[in-house]
Amino acid sequence: MSLLAFQKYMQVQLRQQSRLSLAQLQYTGDWLNRLYQGGYWRKVEMYLVPAIRQAAPPADGLLDGLLNELNGLNHVALESINVVQQRAGAAIDHSELQAGQLCAAIDAFCAALLQRLEKEERELFALARKVIVGEAWFAIAYQFLAHDARAQEARRGKAQVLPFVLPVPLPAPGTPAGAAETAGSDGTSADDTLAAVPAMQQPLRAQA
């Protein structure tokens, strides 16, 4: 879902653009790297694949071939990230990347990881159900839960709660000075106040 949402978002943002800024390239590269790291270091890689290797017969050609295919798809996704990062570095020298090229790199990245996920679902998990039996599944489940607990604790440690102060809306033309200060006491709702706050600019809008 994250891959498809990112792919759709980027296509919408880049559809009307011919050239991109360095900030946009860096933003895209950062997001691709997050998605890649989130896939490569997933619990499947860390816990399920080693368990399959341990349970499968020695020199299992089917398993080795499947894992090689999955690693190959990872490599394709990584190459797409490298393309974006290299173009971002070149942009420092006043060269620009066509939006179409960036879309192609994003599509290649998403296609590779989506294909990997499909092969996991249809082939890797099916193989796991054949070779892993009994209490080994409980050990894998415990590793999954412990991994989630550590990740959640890490997020809590990094989280910073900042106070939110509702901005005071600017008075409309012709409004006497001090009238805005009485907003809220005359029945104005919080929704009305929020409506006066300008919408945030999309991060990938082309700027002059």
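Buried means under 20% relative accessible area, exposed means over 50%, and partly exposed lies in between (1.4 Å probe, protein chains only). The model is predicted: local features need pLDDT of at least 70, side-chain atom pairs count only at pLDDT 80 or more, and totals for chains, interfaces and linings use all residues. Residues are numbered from 1 along each chain as its sequence is written, and side-chain values use heavy atoms, with hydrogens and water left out.

**Exercise 1. Classify W31 and describe its ring contacts.**

Step 1. Take the accessibility. W31 has a relative accessible area of 32%, so W31 is partly exposed.

Step 2. Look for a ring partner. Rings of Phe, Tyr and Trp (its six-membered ring) pair if their centres lie within 6.5 Å; planes under 30 degrees apart count as stacked, over 60 as edge-to-face and the rest as tilted. The whole structure holds two aromatic pairs. One of them joins F6 and W31, at 6.1 Å centre to centre with 25° between the planes, and is stacked.

Step 3. Place the pair. F6 is in helix 1 and W31 in helix 2, so the contact ties together parts 25 residues apart in sequence. Helices are DSSP runs (H or I, at least four residues), numbered from the N terminus. F6 counts as buried, at 7% relative accessibility.

Step 4. Check for a charge over the ring. The cut-offs are NZ of Lys or CZ of Arg within 6 Å of the ring centre and within 35 degrees of the ring normal. R34 lies over the face of W31, 5.3 Å from the ring centre.

**Exercise 2. Describe the pair formed by Y47 and F144.**

Step 1. Read the geometry. The ring centres are 6.1 Å apart and the planes stand at 50°, so the pair is tilted.

Step 2. Locate the partners. Y47 lies in helix 3 and F144 in helix 6 (residues 136–158), so parts 97 residues apart in sequence are tied together.

Step 3. Add accessibility. Y47 counts as buried at 11%. F144 counts as partly exposed at 23%.

**Exercise 3. Find which side of helix 1 is buried.**

Step 1. Get the dimensions. Helix 1 (residues 2–14) has 13 residues and reaches 18 Å from its first C-alpha to its last. That is close to the 18 Å expected at 1.5 Å a residue, the expected span being 1.5 Å times one less than the number of residues.

Step 2. List the buried residues. They are L3, F6, Q7, M10, Q13 and L14.

Step 3. Look down the axis. These buried residues of helix 1 fall within an arc of 135°, so they line one face of the helix. The arc is that of the directions from the helix axis to the C-beta atoms.

**Exercise 4. Trace the salt bridges around E120.**

Step 1. Set the criterion. A salt bridge is a side-chain nitrogen of Lys or Arg within 4 Å of a carboxyl oxygen of Asp or Glu. The structure holds eight.

Step 2. Start with R42. The side chains of E120 and R42 meet at 2.5 Å, N to O. E120 lies in helix 5 (residues 99–131) and R42 in the loop between helix 2 (22–40) and helix 3 (43–55), so the bridge ties together parts 78 residues apart in sequence.

Step 3. Move to R116. R116 and E120 form a salt bridge at 3.0 Å, N to O. Being four residues apart in helix 5, they are separated by about one helical turn. Both R116 and E120 are buried.

Step 4. Assemble the set. R42, E45, R116 and E120 are linked in a network of salt bridges.

How values were computed
Helix = DSSP H or I, 4+ residues; strand = E, 2+ residues; numbered from the N terminus.
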